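Here is a short note for a colleague who is opening this structure for the first time. Please keep the viewer at hand while reading.

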Amino acid sequence: MHTYNEVTMRCEPLTAFHYARKIENWPQLLPHYRQIQFRYGGSERGGLVKMAAVRPFKRFQWPVWWESEMVISEEELMVGYRHVRGVTKGMEVEWRIVPAGEKVSVSIVHRWNAPPWSRRLFASFIGNWFVYAIAERTLQGLKQQAELEAALDAKKQAVQEEHPDSQQWTDLQWEALREQVAEQFANEAAEQAIFQQREAGGRNG
């Protein structure tokens with residue numbers, strides 16, 4: 001079984017890498033993640049981690065969990081996992097962050113070359129309906145967070161250059177700016193989603 005997911009993010013490579021490796025923050029950032037719990041180690045150097053999520057099927061939320069050995073390479077901007085417990089025991093996962101001009105390509109590869117005998121008949125189904133779907137939601141959610149952070153940093157820098165007195169702004173003023181950028185970013189994302197849906201409809205029609 002093999003699945004591949006990829007998105008392009010408008011942010012710095014280290015920003016994308018930060019969101020990929022800081023998995024303890026995912027339950028607060030990604031609605032489909034229920035729990036991240038390290039048995040030992042952490043997201044700085046890797047370790048053994050239990051991850052729990054849901055795979056939405058319309059009104060039903062299918063709970064899933066797995067336990068993985070996590071490894072991190074800061075030089076290669078890579079995060080890797082080997083599933084050691086759960087339905088997907090034996091699966092290998094690799095996150096790659098690659099600069100692409102002013103953007104960043106973030107990809108996830110899942111390989112399950114030798115699933116347990118009891119699951120070999122269902123490996124493709126698990127890969128297509130669960131592994132790929134959850135990875136896609138994860139990438140899209142982290143893309144939104146990373147691009148929002150990049151947009152906020154750019155707006156903050158522009159405000160500071162245009163208004164030197166902004167260095168004295170209170171936390172409330174910066175929070176108001178953040179909400180303004182977040183609202184604008186959400187509107188642009190919604191318009192882009194509508195445009196993509198129309199394009200998809202035109203191709204299918």
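The points below go from the overall layout to salt bridges and then to surface patches.

1. **Status of the model.** This is a predicted model. Please read every point below with that in mind.

2. **Layout.** The protein has 4 helices and 7 strands. Their order along the sequence is β-α-α-β-β-β-β-β-β-α-α. Two of the helices come up again below: α3 covers residues 123–162, and α4 covers residues 171–204.

3. **Burial and surface.** The protein has 205 residues, and 40% of them are buried. Its accessible surface is about 12800 Å². Carbon and sulfur atoms hold 50% of that surface.

4. **Contacts along the chain.** Take the contacts with a separation of 6 or more. Of these, 49% join residues that are 24 or more positions apart.

5. **Salt bridges as a set.** How many salt bridges are there in the protein? The count comes to 11. Some of them form a network, which links Arg21, Lys22, Glu24, Glu44 and Glu74. Three individual pairs follow.

6. **Glutamate 69 and arginine 82.** These two residues form a salt bridge, with 2.8 Å between the closest N and O atoms. Glutamate 69 sits in strand β4 (residues 60–73) and arginine 82 in strand β5 (residues 78–86), so the bridge ties together parts 13 residues apart in sequence. Is glutamate 69 buried, partly exposed or exposed? Its relative accessible area is 31%, so glutamate 69 counts as partly exposed. Arginine 82 is also partly exposed, at 38%.

7. **Glutamate 94 and arginine 96.** Here the closest N and O atoms of the salt bridge are 2.9 Å apart. Arginine 96 has a relative accessible area of 28%, which means partly exposed. Glutamate 94 is partly exposed as well, with 26% relative accessibility.

8. **Lysine 143 and glutamate 147.** Their side chains meet in a salt bridge of 2.9 Å, N to O. Both residues belong to helix α3. They are 4 residues apart, about one turn of the helix. Are these two residues buried or exposed? Both lysine 143 and glutamate 147 are buried. Buried stands for under 20% relative accessible area.

9. **A nonpolar patch.** Which residues make the nonpolar surface patch? They are Leu121, Phe122, Phe125 and Trp129. The patch spans about 510 Å². Tryptophan 129 is part of helix α3. With a relative accessible area of 43%, tryptophan 129 is partly exposed. Patch members need over 30%, so tryptophan 129 passes that cut-off.

10. **A negative patch.** Asp171, Glu175, Glu179 and Glu183 form a negative surface patch. Aspartate 171 lies in helix α4. Its relative accessible area is 68%, so aspartate 171 counts as exposed.

11. **Tryptophan 169.** Where is tryptophan 169 found? It lies in the loop between α3 and α4. Set aside its neighbours within four places in sequence. Tryptophan 169 is then in contact with Val159, Trp174 and Leu177. Val159 falls within the residue range of α3, while Trp174 and Leu177 fall within that of α4. Tryptophan 169 is partly exposed, at 26% relative accessibility.

Technical notes: Residues numbered from 1 in each chain as written. Predicted model: local features only at pLDDT ≥ 70, side-chain atom pairs only at ≥ 80, totals over all residues. Heavy atoms only, no water. Patch = residues over 30% accessible without salt bridge, like charges linked within 9 Å, V, L, I, M, F, W, Y side chains within 5 Å. Areas by Shrake-Rupley, 256 points an atom, 1.4 Å probe, with all protein chains shown as cover. Salt bridge = Lys/Arg side-chain N within 4 Å of Asp/Glu carboxyl O. Buried < 20%, exposed > 50% of the residue type's maximum accessible area, 1.4 Å probe, protein only. Lys, Arg positive; Asp, Glu negative; His and termini not counted. Charge placed at Lys NZ, Arg CZ, Asp CG, Glu CD. Contact = heavy atoms within 4.5 Å.
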